[in-house]
Structures are given as structure tokens and as C-alpha cells.
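Here's a quick walk through a couple of spots in this protein. Have the structure open as you read.

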Amino acid sequence: MESIFHEKQEGSLCAQHCLNNLLQGEYFTPVDLSSIAHQLDEEERMRMAEGGMASEEYRTFLQQPSGNMDDSGFFSIQVISNALGVWGLELILFNSREYQTLMINPIGEKAFICNYKEHWFTIRKLGQQWFNLNSLLTGPELISDTYLALFLAQLQQEGYSIFVIRGNLPECEAEQILGLMKVQQQQRPRLIGEDEAQSSSGQSGRSVAEGQAETAMAVEDEVVDEDEEELKKALLLSKQDMEVEDEEADLRRAIQLSMQGSVMSNAASETKVVKAGGQTSGSSAGPGGRQSEALTAEELRRRRQAYFDRQSQQPPTVPLQAEGKLTCSKSSEASTEASPQSKPSQ
């Protein structure tokens with residue numbers, strides 16, 4: 001970062017600082033820019049004189065102050081354009097419809113200069129990184145590639161005129177060093193005299209530029225806040241989806257357990273009926289060809305009780321073999337009671 005040339009604000013010479021920060025050196029002084037402004041004024045005067053030095057338009061032109069500079073140190077875009085022309089550099093209006101239709105990615109450019117209400121500042125690419133070289137900042141401000149497009153869009157919305165720099169910029173130390181490495185900035189630069197910014201708002205262009213710098217920082221903070229907010233929303237939606245999936249899984253498990261419980265209950269009922277009557281009543285055909293439903297626990301209890309009551313009423317002298325036959329016969333009767341249409345067991 002120390003290798004980057006950054007000329008800080010003095011008076012209202014922001015045009016001079018803008019040019020020098022762009023070219024990365026003390027290439028222009030106020031005297032140089034004043035000479036260019038006077039030359040432009042003279043060229044304009046000569047063109048007006050062609051219409052007649054006695055004309056009302058010519059006399060009015062002579063009474064008007066210069067449109068290329070003023071006593072505060074302001075210089076027009078014509079002065080800046082002529083100054084850059086010395087280095088073979090050209091200005092293209094970034095805001096123009098012709099340039100916007102080209103759909104050129106700003107990252108592919110080399111530098112921009114921006115103007116709003118008599119304040120000029122430079123945004124330049126050094127190595128593979130972009131820097132805001134506003135003279136109102138205490139130092140260069142690192143700008144990410146993503147934030148560059150957002151920053152330029154925000155400046156356009158605020159009414160800034162943005163110019164693309166085309167041509168070969170002079171070689172500089174920062175370009176060579178940053179071409180070999182990338183820098184990281186832990187803390188953003190502050191505004192010069194930030195505590196006194198409000199009291200000095202009367203100076204030409206200063207208060208507007210300070211507001212621009214604050215807005216630029218606020219925009220990046222807003223982008224970070226929006227990213228965090230989007231992340232929170234995504235996590236919340238993901239959590240809700242997981243809860244819905246959990247509820248659906250619980251429901252499926254409950255249905256499965258319920259079905260398993262019903263099957264086990266039916267199987268147990270059928271087993272008890274087989275032991276009691278010799279055949280499953282669930283397999284007996286009912287009226288209309290439908291299978292009869294499984295016996296409930298209460299019905300099974302009543303039938304087993306009736307069976308034991310009948311057993312207790314038989315004479316004790318019945319042989320074991322006959323008792324076995326009788327048991328089988330009684331089981332058939334129980335089975336017949338469970339399914340009236342079924343034949344007794346043989």
C-alpha cells in the first residue's frame with residue numbers, strides 16, 4: 001500500500017489531485033492546469049470573435065468568468081481532457097448510452113475518473129486490484145472486483161459523471177509491485193478532517209465529496225449486511241424444510257408401526273383361535289364370500305371361557321382318547337360358531 005501514490009486534498013485542487021493520482025506521480029501543478037485553462041479560454045474567445053468583435057454575443061462573452069477554471073482551483077473537464085491528451089490518454093463517458101450498449105465489464109478497464117459538483121477523484125487498477133484514490137481520504141481504499149461494479153452504479157444513481165480512461169498509462173512503482181503480489185486492507189481509510197467535515201461544508205465540492213465517500217462505504221456495508229441477511233434467510237428456510245421432512249418421516253414411521261401392530265395383533269388373534277378351535281376363524285369365509293374379520297380379545301376370551309365351561313361339565317370317566325376326540329369335536333363346534341358356513345372338522 002505504501003508504494004501507491006496518493007495526493008491528499010489541498011484547498012479545492014481536486015482536479016490536480018485526480019490527475020496525479022491517476023498518473024501515479026506529481027505530473028501536474030496548479031500553474032500547469034491554469035496555463036491549459038487560459039489557452040482554452042483564448043481559443044473560445046477567438047471563435048466568438050469570428051462572429052464580430054462588436055456583436056452583443058462577443059461583449060457578453062468577455063464579461064463572463066472563465067468556464068475552465070475559477071479562483072477556488074476548480075478546473076473543467078476540457079482542462080483535464082487536454083492534460084491527459086499530453087500522455088496520449090482519452091476520456092470516454094461511461095454514463096453514455098453508446099458505451100453502455102457495448103456491455104463492457106468494468107473490471108476489464110484500467111481507470112475511471114469521476115466528477116460531481118466540482119469534485120474530481122480517481123479509481124484506478126494497480127496490478128490485479130482496484131483502488132479508490134479519492135484525495136479526501138487519508139489513504140488509498142482497496143475495492144474488490146464485485147464492489148467496483150456496485151460502486152460505479154451507485155455513483156451513477158447519485159448523478160456522478162464517470163469517464164473511462166483509454167490509452168497506455170505511464171509506468172509506476174505501484175503497478176510493478178502489485179503486479180507480483182496482492183495486498184489486504186484491514187482497516188478502511190478515514191476522511192481527512194472527518195471531525196471537522198460539517199464545519200467546513202462551505203468549501204466548494206468538499207462536503208459533496210465527503211458525502212460521496214461516506215456513501216461509498218455505506219454501500220459496501222449494505223452489501224455485506226444484505227449477504228448476511230440472505231444467508232440467515234437461507235438457513236431458516238433450510239431449517240423449516242428439515243422440520244417438515246422430520247414431521248413427514250415421523251408420520252410415515254407412525255403409520256408403519258401402526259400397520260405392524262395391526263398385523264401382529266391379527267396374527268396373535270389367529271394363533272389363539274387355532275389353539276382354541278383347531279382352525280383360524282380369520283380364514284373362514286363369511287357371507288358374500290368375504291373373509292370374516294379377526295376376533296377381538298373380548299370375543300376370544302368369552303369363547304375360550306365357554307369352551308372350558310363345557311369341558312368341566314363332561315363326566316370324568318371319559319377315556320383320554322375319547323376326550324381327545326371330544327376335544328376335537330368341541331373345537332369344531334367352536335370353529336362352527338366362529339364361521340357358520342364352514343363345515344365341521346372331520
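## Strands and a helix pair

Let's start with the sheet: strand β2 (residues 111-116) and strand β3 (residues 119-126) run antiparallel, joined by 6 bridges. Keep in mind that this is a predicted model. At one end of β2, look for Y116, which sits opposite H119 of β3. The two strands make a hairpin with 2 residues between them. In that turn, K117 has a positive phi of about 50°.

β2 has another partner too. Strand β6 (residues 161-166) pairs with β2, again in the antiparallel sense, through 4 bridges. Here C114 has I162 of β6 as its bridge partner.

Here are the two pairings side by side:

| Strand pair | Direction | Bridges |
|---|---|---|
| β2 and β3 | antiparallel | 6 bridges |
| β2 and β6 | antiparallel | 4 bridges |

So is β2 covered or left open? It's mostly covered, with 5 of its 6 residues buried.

Now for the helices. Helix α2 (residues 30-49) packs against helix α3 (residues 56-63) at an angle of about 160°, and their axes are 9 Å apart. Angles over 145 degrees count as roughly antiparallel, so that's what α2 is relative to α3. The crossing of α2 past α3 is left-handed.

Which residues make the contact? From α2 you get D41, E44, R45, M48 and A49, while α3 brings E57, Y58, F61 and L62. By type, the residues of this contact split into 5 nonpolar and 4 charged, with no polar ones.

Conventions: Residues numbered from 1 in each chain as written. Predicted model: local features only at pLDDT ≥ 70, side-chain atom pairs only at ≥ 80, totals over all residues. Heavy atoms only, no water. Axes fitted to C-alpha atoms, helices over the stretch in contact; angles between N-to-C directions. Parallel < 35°, antiparallel > 145°, perpendicular 65-115°, else oblique. Left-handed = near helix turned anticlockwise from the far one by under 90°. Contact = heavy atoms within 4.5 Å. Nonpolar A, V, L, I, M, F, W, Y, C, P; charged D, E, K, R; others polar. Buried < 20%, exposed > 50% of the residue type's maximum accessible area, 1.4 Å probe, protein only. Pairing = 2+ DSSP bridges.
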